[in-house]
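Hello,

Please find the structure we spoke about below. My notes on it follow, and they are best read with the structure open beside them.

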Amino acid sequence: MDYGRFTYSTDEMSTYYAESYLYDNLTYRVVEYDIDILIWNDNVFYRLE
């Protein structure tokens, strides 16, 4: 398991970066695909109520 923080990209719209606190120099690019849908590392995540 990993944890860290999200930062918003200032260069790309609807793009965030998930920066790891456990692993040095590990950052995932996270893209807002649609309302309540994120694409992260070639996986799709949906917000559930």
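Notes on the structure

To begin with one residue: Glu19 is partly exposed, with a relative accessible area of 25%. We will come back to Glu19 once the strands have been described. Please keep in mind throughout that this is a predicted model.

The sheet. Five strands make up an open sheet, and their order is β1-β2-β3-β4-β5, with antiparallel pairing. The edges are taken by β1 and β5 (43-46), each of which has a single partner strand, so one side of each is left without a neighbour in the sheet. On average, neighbouring strands of this sheet are turned by 30° against each other, direction ignored. As general background, strands of a sheet pair through backbone hydrogen bonds, either parallel or antiparallel.

Strands β1 and β2 run antiparallel and are joined by five bridges. In this region Tyr8 stands opposite Tyr16, a residue of β2.

The salt bridges. How many salt bridges does the structure hold? There are two.

One is formed by Arg5 and Glu19, where the closest N and O atoms are 3.1 Å apart. Arg5 belongs to strand β1 (residues 4-8) and Glu19 to strand β2 (residues 15-20), so this pair ties together parts that are 14 residues apart in sequence. Arg5 is partly exposed, at a relative accessible area of 44%, and Glu19, as noted above, is partly exposed at 25%.

The other salt bridge is between the side chains of Arg29 and Glu12, at 2.8 Å from N to O. Here Arg29 sits in strand β3 (residues 27-34) and Glu12 in the loop between β1 and β2, so the pair ties together parts that are 17 residues apart in sequence. Both partners are again partly exposed: the relative accessible area is 43% for Arg29 and 28% for Glu12.

Thr15. Is Thr15, a residue of strand β2, buried or exposed? Thr15 is buried, because its relative accessible area is 2% and the cut-off for buried is under 20%. The side chain of Thr15 reaches the backbone oxygen of Met13 at 3.1 Å. Leaving aside neighbours within four places in sequence, Thr15 is in contact with Thr7, Tyr8, Ser9, Arg29, Val30 and Val31. Two residues in that list have come up already: Tyr8 stands opposite Tyr16, and Arg29 meets Glu12 in a salt bridge.

Regards

Methods
Residues numbered from 1 in each chain as written. Predicted model: local features only at pLDDT ≥ 70, side-chain atom pairs only at ≥ 80, totals over all residues. Heavy atoms only, no water. Salt bridge = Lys/Arg side-chain N within 4 Å of Asp/Glu carboxyl O. Helix = DSSP H or I, 4+ residues; strand = E, 2+ residues; numbered from the N terminus. Buried < 20%, exposed > 50% of the residue type's maximum accessible area, 1.4 Å probe, protein only. Pairing = 2+ DSSP bridges. Axes fitted to C-alpha atoms, helices over the stretch in contact; angles between N-to-C directions. Polar contact = N/O pair within 3.5 Å; in protein donor to acceptor, adjacent residues only side chain to side chain. Contact = heavy atoms within 4.5 Å.
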